[in-house]
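Here is a brief report on one protein model. It goes through strand pairing, helix packing, charged pairs and the surface.

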Amino acid sequence: ISCMDDEKDFEFWTFQNKIAAEAGSGPWLPHQIAVTLTDSDGDVRIENCEQIKESSGVKYDLVSKVSFVKNAQKGGHLVAQIRVGSLYRSKKSKEDAGKEGWYLFNDFSVCPIDKDDPVQFESWQLPCHLCYSVSNLADRYDSEISLALESSYLKPNPINSAPFYSAVHPLETDEFPTIVAMDSEFVTLRAQESELHLDGTQAMVKPSQVSPARITVIRGDPPYEGDPFIDDHIAHSEHVVDYMTKYSGIEPGDLDSAVSKKQLTTLKKCYLKLRCLFDRGVRIVGHGLKKDLTVINIDVAPEQKLDTVELFHLPGQRYLSLRFMAWYFLGLHIQKMEHDSVEDAKTALKLYRKYEQLKNDASVDFRAALERLYKAGRQHNWTVPA
């Protein structure tokens with residue numbers, strides 16, 4: 001439903017809302033409506049389900065509202081109030097109590113709101129669009145994805161003509177892993193925007209926008225344990241403001257299909273490769289998986305994630321770097337110059353194997369082993385000795 005074409009439309013909405021408030025009948029805009037076709041000419045009758053007992057019409061629920069928030073200095077911006085489905089809600093907290101799944105999306109800020117907020121209208125908030133959806137629509141259809149992607153998605157599919165990267169060993173026809181290790185590198189597409197207050201403090205206006213630049217997946221099963229079968233550089237058409245070369249190993253030009261000497265693919269193709277793995281229940285090892293998977297924008301079941309940053313973490317203490325734990329547990333010196341996703345994925349897998357060894361050894365007190373790790377970290381100021 002389009003709410004506003006001009007100022008007169010806004011006067012209509014606010015006037016109706018004012019009448020409803022004065023009458024004590026609650027918000028004028030209903031959470032649920034019933035729509036009935038009254039005759040063959042296509043005329044319809046719309047009823048407020050909160051004011052009638054029964055109706056033969058099809059029921060629709062309010063699921064979202066887009067509003068324009070006025071701002072005299074900056075002109076204003078759009079916000080969305082959306083009723084999130086139960087499949088996507090996290091465990092309810094005290095803050096969420098009584099919200100019934102309604103959330104406010106205001107730029108990068110997302111917070112739960114009261115269920116009556118979307119049906120209220122204020123002078124500073126101009127309604128633009130309302131969306132009603134057929135009631136209990138999710139209950140009428142099976143929305144579960146039962147068909148996994150074909151394994152053919154895992155084959156190399158570069159979009160440029162760079163020489164084949166010999167270190168990559170594609171999966172054999174009859175091979176499918178049960179456990180893998182992954183690491184990702186990122187570049188910055190937009191720098192963080194902040195504003196300086198009069199008291200000298202800074203407040204973030206917009207967060208930085210980072211994007212996947214390289215995704216590596218290695219085997220975790222013998223006999224080819226540690227061999228990479230995915231090592232994709234992601235082509236970017238957007239302007240990259242910071243390649244973060246020291247941390248990513250990505251150089252200017254690496255992501256440009258016209259000049260890159262790396263094998264490039266699209267983010268969508270790489271995403272489908274990961275989806276193919278995770279939909280089949282493959283377990284994934286990595287260091288800092290939560291951040292990587294969030295930026296890639298892919299959801300993985302908790303029981304499939306084996307994050308070494310969590311496995312070797314003492315509650316209430318700081319999280320430790322991959323570089324430090326590789327030195328402490330494995331005697332390895334990694335990331336001497338730049339990060340390399342193949343090296344980091346292999347190191348994470350070795351750390352997971354060390355975790356399994358410590359947990360399965362009845363003579364080892366695992367918590368005591370973690371306490372020794374943290375003691376060494378404090379002694380060396382959390383850095384690897386030269």
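## Strands β4, β5 and β6

Strand β5 and strand β6 (residues 109–112) run antiparallel and are joined by four bridges. Within this pairing, Tyr103 has Pro112 of β6 as its bridge partner. The model is predicted.

β5 (residues 102–106) also pairs with strand β4 (residues 77–83). That pairing is antiparallel too, over four bridges. Here Ile82 stands opposite Tyr103 of β5. Tyr103 thus turns up in both pairings: with Ile82 and with Pro112.

## The six-stranded sheet

A second topic is the open sheet of six strands. Its order is β13-β12-β11-β8-β14-β15, and its pairing is mixed. At the edges lie β13 (264–265) and β15 (305–307), each paired on one side only.

Inside the order, β8 (residues 179–190) meets β11 (residues 209–219). They are antiparallel and share 10 bridges. One position to look up is Val187, whose bridge partner in β11 is Ser211. In general, strands of a sheet pair through backbone hydrogen bonds, parallel or antiparallel.

## Helices on the sheet

Which strands does helix α4 touch? Helix α4 (residues 267–278) packs on the sheet and contacts β8, β11, β12 (228–234), β13 and β14 (283–286). Its direction makes about 150 degrees with that of β12.

Helix α8 (residues 341–360) lies across β8, β11, β12, β14 and β15. Relative to β8, α8 runs at about 140 degrees.

## The α7–α9 crossing

Helix α7 (residues 322–330) and helix α9 (residues 366–379) have axes that come within 11 Å. They cross at roughly 120 degrees. The crossing is right-handed.

Which residues make the contact? From α7 come Phe324, Met325, Tyr328 and Phe329. They meet Ala369, Arg372, Leu373, Ala376 and Gly377 of α9.

## Salt bridges

The count of salt bridges is 10. One of them joins the side chains of Arg214 and Asp231, at 2.9 Å from N to O. Arg214 sits in β11 and Asp231 in β12, so the pair ties together parts 17 residues apart in sequence. As a general point, side chains of opposite charge can pair when their charged atoms come close.

## A nonpolar patch

Leu37, Val44 and Ile46 make a nonpolar surface patch. Its area is about 310 Å². Val44 belongs to strand β2 (residues 44–48).

Technical notes: Residues numbered from 1 in each chain as written. Predicted model: local features only at pLDDT ≥ 70, side-chain atom pairs only at ≥ 80, totals over all residues. Heavy atoms only, no water. Pairing = 2+ DSSP bridges. Helix = DSSP H or I, 4+ residues; strand = E, 2+ residues; numbered from the N terminus. Contact = heavy atoms within 4.5 Å. Axes fitted to C-alpha atoms, helices over the stretch in contact; angles between N-to-C directions. Patch = residues over 30% accessible without salt bridge, like charges linked within 9 Å, V, L, I, M, F, W, Y side chains within 5 Å. Areas by Shrake-Rupley, 256 points an atom, 1.4 Å probe, with all protein chains shown as cover. Salt bridge = Lys/Arg side-chain N within 4 Å of Asp/Glu carboxyl O. Left-handed = near helix turned anticlockwise from the far one by under 90°.
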